[in-house]
Amino acid sequence: MAKNKKEEKVISTDEVYDETALFESKDNAIFKSNILHSKEELEDASYSKSDENEAKEHSLTKEDELDYLLEKESKLNVREPKYKEEYVKNNVILSVNHLKQYFFFGVGPKKFKLKAVHDVSFQVHEKEVFGIVGESGCGKTTTGRSIIRLYDITSGSIYYKGYRIAAGSRWNDKEIKYSRIRFKKLKKELSTKLDKGEITKEVYDSKIGAAKNHLDKVVKLQKMKIAHIKHDHNHPRKDLLKEIQMIFQDPIDSLDPRMTVESIISEGLQIQGFHNKEENHKKVVEALEKVGLIEDYANRYPHEFSGGQRQRIGIARALIMNPKLLICDEPISALDVSIRAQIINLLEDLKESMGLSIVFIAHDLSVVKYFCDRIAVMYFGEIVELATSEELFKHPLHPYTKSLLSAIPLPNPHLEKKRKRIIYNPQEYHDYSKEKPILQEILPGHFILANTDEMTKYNKEIEELDLKNK
């Protein structure tokens with residue numbers, strides 16, 4: 001490896017507090033680099049690697065698939081958004097496929113990237129509440145913001161009602177890059193053998209010709225895909241985007257203190273071209289009444305309300321656009337216990353009355369259990385376990401899920417004194433030096449991030465839990 005070869009530091013986290021804290025996370029970053037499990041992309045498999053070594057681990061398109069994929073891609077109209085009918089047939093309103101969201105900092109030798117979200121995939125069905133839980137900094141909020149296009153995603157695709165509304169081309173760019181690296185390496189090896197007389201000129205020309213043909217096909221295919229990705233990302237269907245709304249985490253900072261409640265709630269309508277003041281006022285009043293507030297509040301400012309009322313205003317702002325998919329980013333984390341129950345009950349009522357699908361982001365598993373149909377547990381930018389609410393609490397398998405469950409306070413003071421807190425340390429629980437984990441199904445609808453040895457262990461745990469619960 002050349003000494004002046006640029007090295008790229010990798011640190012996975014959701015928020016940057018200070019540069020010192022980031023570089024203190026080096027050991028954790030090295031561990032995470034060993035459990036990357038995307039079938040499509042393994043380009044960042046260590047803390048510091050040369051392009052040649054990265055190319056060895058980047059999964060490229062197979063030779064026997066190239067011609068079929070080229071023919072399939074050539075038939076697609078680049079100016080039409082990619083559409084998957086199977087999602088609509090299966091009542092999938094949102095599909096997140098291999099989502100990666102990286103943030104890049106610094107320049108030159110000091111350049112590094114944060115893997116806020118790495119290879120996250122899940123689907124949300126119509127009228128379903130899908131929960132995402134995890135500790136602060138695990139990538140929950142970044143996932144939600146990526147879905148609503150507040151960030152330009154690095155790689156992967158997001159489909160809403162079958163149409164691709166966001167996409168990133170990092171993996172496609174990497175495939176072109178690493179295909180060229182492999183071709184250069186093969187050419188160098190064959191040249192050495194030719195010079196030594198180990199192969200003839202005819203063999204050399206034949207192998208180089210075949211490799212060059214393969215490279216040309218790969219580059220052509222990926223450039224076609226990149227063109228389609230960029231078009232879909234830059235020209236999403238606006239009629240679909242307005243059906244996705246978000247309730248933000250902080251009810252104070254998410255409301256403009258210089259605007260009245262009516263101006264805040266009706267801002268989305270004005271952006272969409274609705275400028276009739278009387279009609280907008282009626283819609284604002286209807287939205288306020290839906291969340292349990294009165295018309296008189298429309299002329300007041302955010303600082304005149306309590307925390308729970310501010311959150312209701314934030315919900316009204318989302319509802320006025322008549323959404324079909326609502327992303328709730330920890331809507332109750334800044335509220336006290338009594339107000340939390342009111343907001344959860346309000347969301348439950350709105351879900352039933354408006355037929356909403358909800359992505360509910362939280363760090364409290366006890367709340368998510370009550371409200372959500374399915375739950376995804378995130379750690380360090382990846383989903384480590386995904387199951388229905390009932391199944392997850394019946395068979396908690398991943399050590400991090402057990403850690404989250406052990407943090408739930410018990411209402412009985414005698415049992416609370418005996419409650420043991422499980423601390424999750426990945427290095428103690430996992431050994432991925434020989435085999436990397438993948439997200440795989442262990443029970444119907446129950447997915448867990450594990451390798452072969454861990455799957456065997458988890459299956460035994462399920463048998464033990466079933467015997468214990470009988």
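Reader: Which residue in S5 is the bridge partner of Val96?

Author: In this predicted model, Val96 has Ile158 of S5 as its bridge partner.

Reader: What makes S2 and strand S5 a pair?

Author: Two strands pair if at least two bridges are found between them. S2 and S5 (residues 155-160) are joined over 5 bridges in the antiparallel sense, and therefore they count as paired.

Reader: How do you know that S2 also pairs with strand S3?

Author: The same reasoning applies. A pair needs at least two bridges, and 10 bridges join S2 to S3 (residues 112-125), with the strands running antiparallel. One of the partnerships is that of Gln101 with Val117 in S3. The two strands form a hairpin with 6 residues between them, and Gly106 in the turn has a positive phi of about 75°.

Reader: Why is S2 called mostly covered?

Author: Buried means under 20% relative accessible area. In S2 (residues 92-105), 10 of the 14 residues are buried, so the strand is described as mostly covered.

Reader: Why is Lys174 called buried?

Author: Lys174 has a relative accessibility of 10%. The limit for buried is under 20%, and therefore Lys174 counts as buried. Lys174 lies in helix H7 (residues 170-195). The C-alpha atom of Lys174 is separated by 9.6 Å from that of Gln222, a residue 48 places away along the chain.

Reader: How much of the protein as a whole counts as buried?

Author: Of its 470 residues, 47% count as buried. The protein has 19 helices and 13 strands. Among contacts between residues at least 6 apart in sequence, 68% join residues at least 24 apart.

Reader: What makes a set of residues a nonpolar core, and which members of the largest one touch the most others?

Author: The members must be buried nonpolar residues joined through side-chain atoms within 4.5 Å. The largest such core has 55 residues, and Ile265, Ile315, Leu347 and Phe360 touch the most other members. Helix H13 (residues 337-354) gives the most to this core, with 6 residues. Leaving aside residues up to four places away in sequence, Ile315 touches Ile247, Val291, Ile343, Leu346, Leu347 and Leu350. A second, separate core of 28 residues includes Ile93, Leu94, Val117 and Phe130.

Reader: Why is H12 called roughly parallel to H13?

Author: H12 and H13 pack at an angle of about 15°, with their axes 10 Å apart. Angles under 35 degrees count as roughly parallel, and therefore H12 is roughly parallel to H13. The crossing is right-handed. The contact involves Gly308, Gln311, Arg312, Ile315 and Leu319 of H12, and residues of H13 including Ile343, Leu346, Leu347 and Leu350.

Reader: Why is H10 called roughly perpendicular to H11?

Author: The axes of H10 (residues 261-271) and H11 (residues 277-290) come within 10 Å and cross at roughly 115°. The range for roughly perpendicular is 65 to 115 degrees, so H10 is roughly perpendicular to H11. This crossing is right-handed. Among the residues of H10 that make the contact are Val261, Ile265 and Leu269, and H11 contributes residues including Val284, Ala287 and Leu288.

Reader: What makes S7 and S12 the edge strands of the open sheet?

Author: The sheet has 8 strands in the order S7-S8-S9-S4-S10-S11-S13-S12, with mixed pairing. Strand S7 (244-247) and strand S12 (438-443) each pair on one side only, and they are the edge strands. On average, neighbouring strands are turned by 20° against each other, direction ignored. Helix H12 (residues 307-319) packs on this sheet, touching S7 and strand S8 (325-329).

Reader: How do you know that S13 pairs with both S11 and S12?

Author: The requirement is at least two bridges. S11 (residues 382-388) and S13 (residues 446-450) are antiparallel and joined by 2 bridges, while S12 and S13 pair in the antiparallel sense over 5 bridges. Both therefore satisfy the requirement. Towards S11, Glu385 is partnered by Ile448, and Leu386 by Phe447. Towards S12, Leu439 stands opposite Leu449. The hairpin of S12 and S13 has 2 residues between the strands, and Gly445 takes a positive phi near 80°.

Reader: Is S13 mostly covered or mostly exposed?

Author: S13 is mostly covered, with 4 of its 5 residues buried.

Key. Residues are numbered from 1 along each chain as its sequence is written. This is a predicted model: local features need pLDDT of at least 70, side-chain atom pairs count only at pLDDT 80 or more; totals for chains, interfaces and linings use all residues. Side-chain values use heavy atoms; hydrogens and water are left out. Buried means under 20% relative accessible area, exposed over 50%, partly exposed in between (1.4 Å probe, protein chains only). Contact means heavy atoms within 4.5 Å. Axes are lines fitted to C-alpha atoms, for helices over the stretch in contact, and angles run from 0 to 180 degrees between N-to-C directions. Angles under 35 degrees count as roughly parallel, over 145 as roughly antiparallel, 65 to 115 as roughly perpendicular and the rest as oblique. A crossing is left-handed if the near helix is turned anticlockwise from the far one by less than a right angle, and right-handed if clockwise.
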